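I opened a fresh page for this one and jotted down what I looked up, entry by entry. Pull up a chair and read along.

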Amino acid sequence: MLGFIWLIAGLVLVVKGADWLVDGACSLARRLGVSDLAIGLTVVAFGTSLPELVVNIAAVLQNKPELAIGNVTGSNICNILLILGTASLFCPLGVQKNTTWKEIPFSLLAGMLLLVVASDRWLDGASQNIISRTDGFGLLALFAIFLAYIAGMARDLPEVAQQGEHTIYPAGKSLLLLAAGLVFLIAGGKLVVLGAVQVATALGLTESFVAVTLVAVGTSLPELATSVVAAYKKKADIAIGNVVGSNIFNIFLILGTSSVMRQIPVPDDLRLSLFVGVLAVVLLLVFLLMGRRHTLQRWQGVALLAVYAIYLICQPR
Amino acid sequence: MLGVVIFAIGLAFVIKGADFLVDGASSLARRLGVSDLAIGLTVVAFGTSLPELTVSLFAAVQGQPAVAVGNVTGSNICNILLILGISSLLCPLQVQVSTVWKEIPFSLLAQVLLLAMAADRVLDGMDINVLSRTDGLSLLALFSIFLAYIAGMARDLPQAQDEDHPRIHTTGKSVVLIMVGLILLIIGGKLVVQGALDVARWLKISESFVAVTLVAVGTSLPELATSAVAAYRKKTDIAVGNVVGSNIFNIFLILGVSSTVHPIPVPADLVLSFYVGILATLLLFVTLFTGKRHRIGRWEGAVMLGLYVVYLVVQPR
């Protein structure tokens, strides 16, 4: 029972810590004369990914590869099947052309590459499947390209620059926010890992299963919030873009950074989730090209949710 | 002595074979109704790279890693320091903005990533440095992105289509061309590798040294021809773009395909060439901002040539 409390407390700390860190860093950057665009990009890029990143780093450093990889693969599956599935039930989700033709293929590439990088046994005859440091650098190289792509897009979209228009705090308060945010993030990351392990033990589940469900959904809360707000404001076209972008970040930035810090062995009971991750993106792409083009319709949302349910049943506990 | 002859014949076969194959394949594709754009892209993409691809692929499969890797790293160094060095001495080279800000950084990314992937000992504590299948597939993932980028550019630039208006041969002749081209490529690839090994034995120098000099320059002849023609027609802005594009192809396509087909151990005496490749790319980038902007002047070309000589002296024999 205590495990749940740690987990929730950790999640709150991580999400709040990310907020503060971004707030403090932005207003400090403003004072130093950094452009709105650069700040906005950083906020978009790292702000919503920070909780996942911190949890993953904590998991890797504490030798919990199940949590590190499960968090990422579980998030990606949950993002598409659960979040987009649910959102499209309420209102059919339109999508921008760029998302269909550039970002979704890119995230498909990410999913397939992750599968490749985690298949050393099959591909290279190695004794163990491992995401090595060199793999990590490969992922980060792809992240650099994605960031360049976003930067190119952002130059044309004023919305991103607006993300940079934060309230400007005095230098002292900014530093304080920055420091407190960091402390929260570090403490929260550790608590999430601790809590997840305890929950797994208490419920007699594998750490992998807790990682792909509880931890994955928990750290995706910021994305979920963004998507809900977008849907509520009828800016449905942002919802899918957000989710797909977050999936790309999860693989390239978060797994890239964590595996560069320390190599991550891939637990066998997470291999299914690597395949389902690819399947989910393929489904999304097929659905957007079927029926009403560039729209995710209600029945398609139902199908996504059904696949999610099947996945939860099949994933080893 | 025989080695040199074998090598020269192999080279002639490989280059002529690539020509035939591309000719036959594109006229067959025309007959099947493939668009000019797709054909032009494929010709640009694979035509000039086929000789290098064949040689590296054969070397990898025959267990000659020095030739497989040295061919690529040597080509990349030779492309910048020797080819661009000489061309800019003859006539200062103007460079397009997209080359400066997109293609050169992309090729720098390629070089740095190659260094990371070939550093398994330092990064992952492994026994040997090896370009594994998973590394190869990561390189191919990056290649697919570069291809998408070229396709995007080509759609806006009608030149890419004009570049290749090969005559349309009859179906029968096309098929014959393809077959003959393939046979020449296969035989030529074997001969080049064989010849290079013979030359190394004859001159009592290492296979790596022969690979980064003789093989690299030999297989770069098509690029050299393209650049020379471009310079001759005073289309100097194409020269730098060609060379940088070829460097990106060398790493992402050629090493990607070769190491996916057969993992390549990295010879220790080629590590220097990885660093020099990075240095050369950095130097190219810097020269565009020294002196006249976006232009490689005469004295900068002289510096490049000087550096090439220093590299040849320092590279272990």
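**Ground rules.** I call two residues in contact if their C-beta atoms, placed from the backbone, lie within 7 Å. I am working with a predicted model, in which local features need pLDDT of at least 70, side-chain atom pairs count only at pLDDT 80 or more, and totals for chains, interfaces and linings use all residues. Residues are numbered from 1 along each chain as its sequence is written, while chains are lettered from A and ligands numbered from 1 in the order in which they are written.

**Entry: the interface.** I looked first at how the two chains meet: chain A gives 19 residues to the contact and chain B gives 19 residues. On the chain A side, the elements that supply two or more residues are α5 (97-117), α6 (120-124) and α7 (133-156). Helices here are DSSP runs of H or I with at least four residues, strands are runs of E with at least two, and both are numbered from the N terminus. I noted that α7(A) has the largest share of that side, with 9 residues. By residue type, the chain A side splits into 10 nonpolar, 5 polar and 4 charged. For that split, Ala, Val, Leu, Ile, Met, Phe, Trp, Tyr, Cys and Pro count as nonpolar, Asp, Glu, Lys and Arg as charged, and the others, Gly among them, as polar.

**Entry: chain A.** I find 14 helices and 4 strands in chain A. Its C-alpha atoms fill a box of roughly 50 × 45 × 40 Å along the principal axes. The radius of gyration of chain A is 19 Å, which agrees with the value near 20 Å for a compact globule of 317 residues. I take that radius over C-alpha atoms, and the globule rule is 2.2 Å times the number of residues to the power 0.38. Of the 317 residues in chain A, 53% are buried. Buried means 20 or more other C-beta atoms within 10 Å of the residue's own, exposed means 12 or fewer, and partly exposed lies in between, with C-beta atoms placed from the backbone. Of the chain A contacts between residues at least 6 apart in sequence, 85% join residues at least 24 apart.

**Entry: chain B.** Chain B also comes to 14 helices and 4 strands. Its radius of gyration is 19 Å, close to the 20 Å from the globule rule for 317 residues, so chain B is as compact as a globular protein of that length. I put the buried part of its 317 residues at 51%.

**Entry: one loop residue.** Where does B:A268 sit? I found B:A268 in the loop between β3 (264-265) and α13 (271-287) of chain B. B:A268 counts as exposed because it has 12 C-beta neighbours inside 10 Å. Its C-alpha atom is 8.4 Å from that of B:N129, a residue 139 positions away along the chain.
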